[in-house]
Amino acid sequence: MRNVIVLGSGCAGSTAAIYAARASLNPLVVIGHEPGGQLSLTTDVENFPGFPEGINGPDLVENMKRQAERFGAEFIYGSVMEADLSKRPFRLNIDGEWHEARTLIVASGASARWLGLANEQKLIGHGVSSCATCDGAFYRDRKIMVVGGGDSAMEEATFLTRFGSEVTLVHRRDQFRASKIMLERARSNPKIKFLLNTVVEDIHDVEKKLVTGVRLRNLVTSAVWEQEVDGFFVAIGHIPNTRPFAGQLELDPDGYILSRGGARTSVTGVFHAGDVQDRTYRQAITAAGAGCMAAMEAERFLEAEGH
Ligand code: NAP
């Protein structure tokens, strides 16, 4: 029986683990299917306070993990397959093995959203990617396409100019969700070409098991055309990882945890931290702050219950 199980090893989960471990709660951290969370998929982080020269994302989150381990947090690989939050202790099936916990901190984040094209899933790892940092280097001197109009798309397109001979950014509107600074950085990069009011209709070539090109459609003119592409990066946002909790925790229509104030969820003893609940700020620093809040609430809850 654990005092605290933390689900997720990103900024939120690792910070929750640091606080819970320092409170002598010996937390178990379930690393999840994306170890280190979103930070492990990024390069330079320039806005995390305390690093005037910036810090590499994977280094930042690895430091947090080591910091938590120093105080006794235990990290295990695995994902939650099933959960029973109907009574305490809570029960979690982690890769086939059941674990019990008095409190739970859900910091399972949000995963990449896909376009939903028939060939997209078939070509993941064969030219289709959601992670420029992971896969960009495969497309040295090749033609790259990025889809999306938010900060992720701008960041990925800018990063990918290090490798590609050209980078085409495809966005379905002519307005952007991206912040001004990131949009301007992408706009002023001569290697990036913008295709606005445009959607991707299909990706080729499943038979060759390789991305060779896409079919595009302009939503204003209805023009349809083919374009050669070698690397296809989807950067259109994320989906919260709450599937095991559907019907047990109160979620919004998109699956994000609904907060009951502070770090509290609709189930007493279950707390939220980071992107799994936050669809507004979604920053490393806000996730870290949320992890701290969740651990402090878990600690107070356990203390009030006499543990
Ligand atoms: P986002 O801001 O939600 O933007 C998603 C983009 O994808 C939107 O432009 C959206 O188009 C488009 N999109 C969504 N579904 C689509 C579909 N089915 N087909 C085509 N396009 C689709 O997501 P994000 O860019 O991942 O950013 C999320 C958060 O992380 C933001 O708060 C952002 O500031 C932050 N972030 C920060 C940094 C940084 O500071 N270094 C880097 C990355 C992300 P519409 O606009 O038409 O809806």
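Author: Before we start on the helices: axes are lines fitted to C-alpha atoms, for helices over the stretch in contact, and angles run from 0 to 180 degrees between N-to-C directions. This is a predicted model, where local features need pLDDT of at least 70 and side-chain atom pairs count only at pLDDT 80 or more, while totals for chains, interfaces and linings use all residues. Residues are numbered from 1 along each chain as its sequence is written, and side-chain values use heavy atoms, with hydrogens and water left out.

Reader: Ok, at what angle do α1 and α2 pack?

Author: About 20°, with the axes of helix α1 (residues 11–22) and helix α2 (residues 57–70) 8 Å apart. Helices here are DSSP runs of H or I with at least four residues, strands are E runs of at least two, and both are numbered from the N terminus. Angles under 35 degrees count as roughly parallel, so α1 is roughly parallel to α2.

Reader: Switching to the ligand. How many residues surround it?

Author: 19 residues, and the closest are D151, S152, R172, R173 and R177. A residue counts if one of its heavy atoms lies within 4 Å of the ligand.

Reader: What's the make-up of that shell by class?

Author: The shell has 4 nonpolar, 9 polar and 6 charged residues. Helix α5 (residues 151–160) gives the most to it, with 3 residues.

Reader: And which polar side-chain atom lies 2.6 Å from a ligand oxygen?

Author: One of R177. A polar side-chain atom of R173 lies 2.7 Å from an oxygen atom of the ligand, and a polar backbone atom of G149 is 3.0 Å from a ligand oxygen. The protein buries 78% of the 920 Å² that the ligand exposes taken alone, with accessible areas from the Shrake-Rupley method and a 1.4 Å probe.

Reader: Backbone stuff now. Which residues does a cis peptide bond join, with omega about 15°?

Author: H204 and D205. D205 lies in the loop between β14 (198–204) and β15 (213–218). A cis peptide bond also joins R88 and P89, with omega about -5°, and P89 sits in the loop between β6 (80–84) and β7 (90–94).

Reader: Where's S24?

Author: In the loop between α1 and β2 (28–30). Phi of S24 is near 60°, a positive value in a residue other than glycine.

Conventions:
Polar contact = N/O pair within 3.5 Å; in protein donor to acceptor, adjacent residues only side chain to side chain. Nonpolar A, V, L, I, M, F, W, Y, C, P; charged D, E, K, R; others polar. Parallel < 35°, antiparallel > 145°, perpendicular 65-115°, else oblique.
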